[in-house]
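This report covers the strand pairing, the sheet and the overall make-up of one chain. Look at the structure first, then read on.

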Amino acid sequence: MDTALRRALDLLIDPPAEPDVSHGYLDLLGTGGDTPTNTGFIQKVWASPVGSMLYDRAQLLNRRLLAATRPPIKWLDIPAGGTALDVGSGPGNITGALARAAGPDGVALGVDISLPMLARAVKAEAGPQVGFLRADAQRLPFRADSFDAVISLAVLQLIPDWTAALSEMVRVLRPGARMAVMVPTAGPATAMPVFAKGGARMFTDDELGDVFEELGLVGVRTKSLGFIQWVRGQKR
């Protein structure tokens, strides 16, 4: 077991007696799970082997061509040796960037439920500073106040109970630490039914910012560009 997964075990509320790391990530779901899951076709496409590859390439293209999609790693202000969490980590490239920002003594953990995505992430990024867990964002397995930074890119719209996921992100964030979330915005009304039928939620301009404040985050900032919105905040 890599150092990153050993450190992950230390952060869990209920660490398993026999951790399943047979696929390179820590599997905390197995074949069970009693929380809501997204069964829409958009989630099914992204969770498939082909979809995970397309997602990976689309994200790389977006970050090269559109600065608004680039994660605010510097703004997160991860301390040297810190611990960062990537919720909905997908192919793991953002998780790797978080680990590099935390320095050689830091660690970044990525959480996802998609087996193909986790397989790609492990192959591309797993190592002493980067670990992945199969877990549910609506019920994060970590103890409160465990992370120096939390980030989530383009996944909240696919989580059935997205407010629970946000609440969990805030719960595991340490006091004074920062979190950033990127989601698709509503855009033209004609596009909303298509996304809704596919199982994806489109957020209105102030919706996430209001929830951030309701959850007690301060310094909340919202920035939108086209169909993309970043929302940032800091835990008291």
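Serine 152 has valine 181, in strand β6, as its bridge partner. The model shown here is predicted. The strands β5 (residues 147-153) and β6 (residues 173-184) pair in the parallel sense, over six bridges.

What is the order of the strands in the open sheet? The order is β1-β4-β3-β2-β5-β6-β8-β7, eight strands with mixed pairing. At the edges are β1 (26-27) and β7 (217-225), and each of these strands pairs on one side only.

Two helices that pack on the sheet can be set side by side. Helix α5 (residues 93-102) packs there and touches β2 (83-87), β3 (107-112), β4 (130-134) and β5. Helix α6 (residues 115-125) also packs on the sheet, where β3 and β4 are the strands touched. The table gives the direction of each helix against one strand.

| Helix | Strand compared | Angle between directions |
|---|---|---|
| α5 (residues 93-102) | β3 (107-112) | about 160° |
| α6 (residues 115-125) | β4 | about 170° |

Now for the chain as a whole. Its secondary structure comes to nine helices and eight strands. How much of the chain counts as buried? Of its 236 residues, 52% do. The accessible surface of the chain is about 11,100 Å², and carbon and sulfur atoms account for 56% of that area. Taking the contacts between residues at least 6 apart in sequence, 69% join residues at least 24 apart.

How values were computed
Residues numbered from 1 in each chain as written. Predicted model: local features only at pLDDT ≥ 70, side-chain atom pairs only at ≥ 80, totals over all residues. Heavy atoms only, no water. Helix = DSSP H or I, 4+ residues; strand = E, 2+ residues; numbered from the N terminus. Buried < 20%, exposed > 50% of the residue type's maximum accessible area, 1.4 Å probe, protein only. Contact = heavy atoms within 4.5 Å. Areas by Shrake-Rupley, 256 points an atom, 1.4 Å probe, with all protein chains shown as cover. Pairing = 2+ DSSP bridges. Axes fitted to C-alpha atoms, helices over the stretch in contact; angles between N-to-C directions.
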